[in-house]
Amino acid sequence: MEADSKPKKSGARLCCVCTQNRAALKRPKTLEQICRECFYAVFEEEIHQVILENQLFKPGERIAIGASGGKDSTVLAYVLSELNRRHNYGLDLFLLSVDEGITGYRDDSLETVKRNELQYGLPLKIVSYKDLYGWTMDEIVKMIGLKNNCTFCGVFRRQALDRGAALLKVDKVATGHNADDIAETVLLNILRGDIARLSRCTSIITGEDGPIPRCKPFKYTYEKEIVMYAYFKKLDYFSTECIYSPNAYRGFAREFIKDLERIRPRAILDIIKSGEDFRISTTTKMPEQGTCERCGYISSQKWCKACVLLEGLNRGLPKLGIGRTQGLNSDAKISNGMVIQEESVQEGQLFCTNQVNPEDQFFGFYICKK
């Protein structure tokens, strides 16, 4: 009688998909209790459906996978390789890496990418800032410090990926941007009031009007699930954060998104949906796409951002083109051989010009005479 009165121990929770195996994890995206094998299956199937529904690839295409050695790009390379074989996509896959020249970080992560090349049987192409621009990020940070270094790296990296993709003669570049990344970008563009980027940041395919389009197969995939997949599959990836980005503006948006996710896991998808549903007023003036007069890269200004930043570095003016002052692309007037910025300068005011003298001379303080 006493034995019957004792509470019975409840059995292990079963997987909600197969109802046979013991649940090994709770999915961050849906909060479902699920076993490992079912997790692998639903994770891969969701990505497969995203690829099909959005027609990301066509048979016979050459696809470069942006590979940094981190969890996102490593899982992307592994999953795309598996799906390509399983569903007969008919794709030629390549790994494309950018060497920014960050000692103790990128050199180590590139070793991981080189191992991935052998593990997945995918050809690897590495392009470097030093070869493309004549500068490494170590050298840039030494000149400008840590405050705006992410601006340089982001601009140079985007162009370096395109240049590497052109060398590989690929049809598209697939990047490992996940749902968390896209939600952060929506939030950042709202905070910055960047209407042009806000209107396209949730697009699963971007750059269709440029030389090589980019796609995001992980658009609806949570970062935590990518980490779980990599962990359970024992994939070889590099997990150290960039040594130059502890104070990056994006980091504050990331922490806010994580706080929202803890309260309501669907918040990430809801932010993406909000970004997709934004409508830009017809009266809003949008930048017109053109090409850089200097390098031929796509740009809405006379010079692309990379050329402006590079010009500043080469002339010893690293802040040229950072912030609201657009440097060489701003409306300006010539005065005594100097290119002088007119905005926000009052008559008699002492100001500093960081514009480029057409004759490579004279930088400093001037009295505005309007």
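Modeller: Let's settle one term before we start: contact means heavy atoms within 4.5 Å. This is a predicted model, in which local features need pLDDT of at least 70 and side-chain atom pairs count only at pLDDT 80 or more, while totals for chains, interfaces and linings use all residues. Residues are numbered from 1 along each chain as its sequence is written, and side-chain values use heavy atoms, with hydrogens and water left out.

Colleague: Thanks! How many helices and strands does the protein chain have?

Modeller: There are 13 helices and 14 strands in the protein chain. Both are DSSP runs numbered from the N terminus: helices are H or I with at least four residues, strands E with at least two.

Colleague: What makes α2 roughly perpendicular to α3?

Modeller: The axes of α2 (residues 36–53) and α3 (residues 71–86) cross at roughly 75° and come within 11 Å. Roughly perpendicular covers 65 to 115 degrees (under 35 is roughly parallel, over 145 roughly antiparallel, the rest oblique), so this pair of helices earns the term. The axes are lines fitted to C-alpha atoms, for helices over the stretch in contact, and the angles run from 0 to 180 degrees between N-to-C directions.

Colleague: Which residues of α2 and α3 meet there?

Modeller: From α2 come F43, E44, I47, H48 and I51, and they meet V75, V79, L80, L83 and R86 of α3. Sorted by class, that contact has seven nonpolar, one polar and two charged residues.

Colleague: How do you know that α3 is mostly covered?

Modeller: Of its 16 residues, 13 are buried. Buried means under 20% relative accessible area, exposed over 50%, and partly exposed in between (1.4 Å probe, protein chains only). Over the protein chain, buried residues make up 45% of the 370 residues.

Colleague: And what span does α3 reach, set against the expected one?

Modeller: From first C-alpha to last, α3 reaches 22 Å, close to the 22 Å expected at 1.5 Å a residue. The expected span is 1.5 Å times one less than the number of residues. After α3 comes N88, with a positive phi near 55°.

Colleague: What makes the pair of Y40 and Y229 edge-to-face?

Modeller: A search of the whole structure finds 14 aromatic pairs. In the pair of Y40 and Y229, the rings are 5.8 Å centre to centre, with 80° between the planes. Rings of Phe, Tyr and Trp (its six-membered ring) pair if their centres lie within 6.5 Å; planes under 30 degrees apart are stacked, over 60 edge-to-face, the rest tilted. Both values therefore meet their cut-offs, and the pair is edge-to-face.

Colleague: Why does that pair tie together parts apart in sequence?

Modeller: Y40 lies in α2 and Y229 in α10 (residues 223–232), so the pair ties together parts that are 189 residues apart in sequence. Both residues are buried. Ring pairs also link Y40 and Y229 with F39, F43, Y78, Y120 and F218 into a cluster.

Colleague: Why is T221 called buried?

Modeller: Its relative accessible area is 9%, which is under the 20% limit, so T221 counts as buried. T221 sits in the loop between β8 (214–215) and α10. Leaving out residues up to four places away in sequence, T221 touches F43, I47, N178, A179, D180 and I226. F43 and I47 also belong to the contact of α2 with α3.

Colleague: What covers the buried residues of α12?

Modeller: The cover includes α8 (179–192) and α11 (249–263). In α12 (residues 267–277), the buried residues include A267, I268 and I272.

Colleague: Why do E293 and K169 count as exposed, and R163 as partly exposed?

Modeller: E293 has 62% relative accessibility and K169 a relative accessible area of 67%, both over 50% and therefore exposed. R163, at 31%, falls in between, so it is partly exposed. E293 is in the loop between β9 (290–291) and β10 (298–299), where it touches K302 and W303, not counting residues up to four places away in sequence. K169 is in the loop between α7 (149–168) and β6 (172–174), and its phi is positive, near 55°. R163 lies in α7 and, leaving aside neighbours within four places in sequence, is in contact with L132 and C295.

Definitions and conventions:
Ala, Val, Leu, Ile, Met, Phe, Trp, Tyr, Cys and Pro count as nonpolar, Asp, Glu, Lys and Arg as charged, and the others, Gly among them, as polar.
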